[in-house]
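Reader: Could you take me through one part of this model in detail? I'd like to look closely at the largest pocket and then at what surrounds it.

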Amino acid sequence: MDSPGGPYLNTRALLSPLGATRLCQLAMGCAVIAMVIHTAGYSGSHGVFCMAVWCFCFAMSVVIFFLDATRLYSCLPISWDNLTVTCAAFATLVYVTASVVYPLFFVRSECPYAGCDVRNFRIAVTVCSILGTLAYGVEVALCRARPGQAVVGYMATVSGLLKVVQGFVACIIFGALANGSQYSLYAATIYCVAVYAFCFALTTLVVIMTLCGRTKTVRCMSFDRFVVVCTLLEVLLYLSASVVWPVFCFDTKYGSPWRPSSCPQGKCPWDSKVVVAVFSVVNLTLYVADLVYSQRIRFAPSHLASRRP
């Protein structure tokens, strides 16, 4: 890790577009958390979710920046490049969600009872959150593998980034399932839940294998072929679930194609079923795109730690 005669700190992590992007992430994250605690405030499950996102991403960015600047990442048994681009992609998705949820539930055009200062701070929080989203998105763009390059970091490819999005969409599906979706009424809908869980576990397995550097061979096949096999299986399973779920939730024999008028806002099983149906199709589309892009990958195994100067 130590190089005689060279700087102890990784100057590339400090004096580069990537370093500037991470400093921007830290600045925006710190500003958001400070303003929320100082005046903007948060409450309820939606506010707790937004605050948890900002705090988690800020802490994650601090750890990544510190390890990169000090080169301590070389002591970890992980693929550093894969880890950083995965974290950036995940942070982009959750930051987008928080940037939509917070103003939707906390920003109003009129001044609340506490005065216009609270409203103005909440608007500033939203703006800084959007800027943080852009900063994480820029890091993903900077680290993304370019066409024609030998693929060393799988998570930097389109297929790898799609894995992160697939996992995020699956979490949305699980949240809708847990919100009174009544999936246990029929064996067919239970099958759909099993499909969602199995595909999420398989996607997570591929990501973990990549982060741990286990990408040379998987039994009798190369890692890139293993990814294609898993993705094809996920496409077939999601295709079946995307057909079965709407039939057993919205057909008149099993459910209702229209939202019941007596259904309470925010706690309606029909709404949760719609969310599951829509995001099932979204994830199916992502898996199909993943399968197409996976055909072009020729993976080049690398050492666990990044070989940066």
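Author: Happy to! Bear in mind that this is a predicted model. The largest pocket is lined by Ser45, His46, Phe49, Thr97, Val101, Leu104, Phe105, Phe168, Cys171, Ile172, Gly175 and Phe279. Its volume comes to about 640 Å³. In character, the lining splits into eight nonpolar residues and four polar ones, with no charged residue. Three helices, α3, α4 and α6, each give at least two residues to the lining of this pocket.

Those helices also lead us to the packing of the protein. The largest nonpolar core holds 48 residues, and the ones with the most contacts inside it are Val36, Val53, Trp54, Cys57, Tyr102, Val125 and Phe223. At least two residues of this core come from each of α2 (17–40), α3 (44–70), α4 (80–106), α5 (116–143), α6 (158–178), α7 (187–211) and α8 (223–250). With 13 residues, α4 provides the largest share of this core. Another core lies apart from it, made of 27 residues that include Val193, Cys199, Trp270 and Tyr287.

For a closer view of one residue, try Cys128, which sits in helix α5. Cys128 counts as buried because its relative accessible area is 14%, under the 20% limit. Leaving aside residues up to four places away in sequence, Cys128 touches Met28, Ala31, Val32 and Met35. Ser99 is 29 residues from Cys128 in sequence, and their C-alpha atoms are 8.9 Å apart in space.

Note on methods
Residues are numbered from 1 along each chain as its sequence is written. This is a predicted model: local features need pLDDT of at least 70, side-chain atom pairs count only at pLDDT 80 or more; totals for chains, interfaces and linings use all residues. Side-chain values use heavy atoms; hydrogens and water are left out. A nonpolar core is a set of buried Ala, Val, Leu, Ile, Met, Phe, Trp, Tyr and Cys residues joined through side-chain atoms within 4.5 Å. Buried means under 20% relative accessible area, exposed over 50%, partly exposed in between (1.4 Å probe, protein chains only). Helices (H or I, at least four residues) and strands (E, at least two) are DSSP runs, numbered from the N terminus. Contact means heavy atoms within 4.5 Å. On a 1 Å grid over the protein atoms alone, a cavity is a set of points where a 1.4 Å probe fits but cannot get out, and a pocket is an open set with protein on both sides within 12 Å along at least five of seven lines; lining residues have an atom within 4 Å of a point. Grid points are joined across faces, edges and corners, and a volume is the space filled by probe spheres set on the points. Ala, Val, Leu, Ile, Met, Phe, Trp, Tyr, Cys and Pro count as nonpolar, Asp, Glu, Lys and Arg as charged, and the others, Gly among them, as polar.
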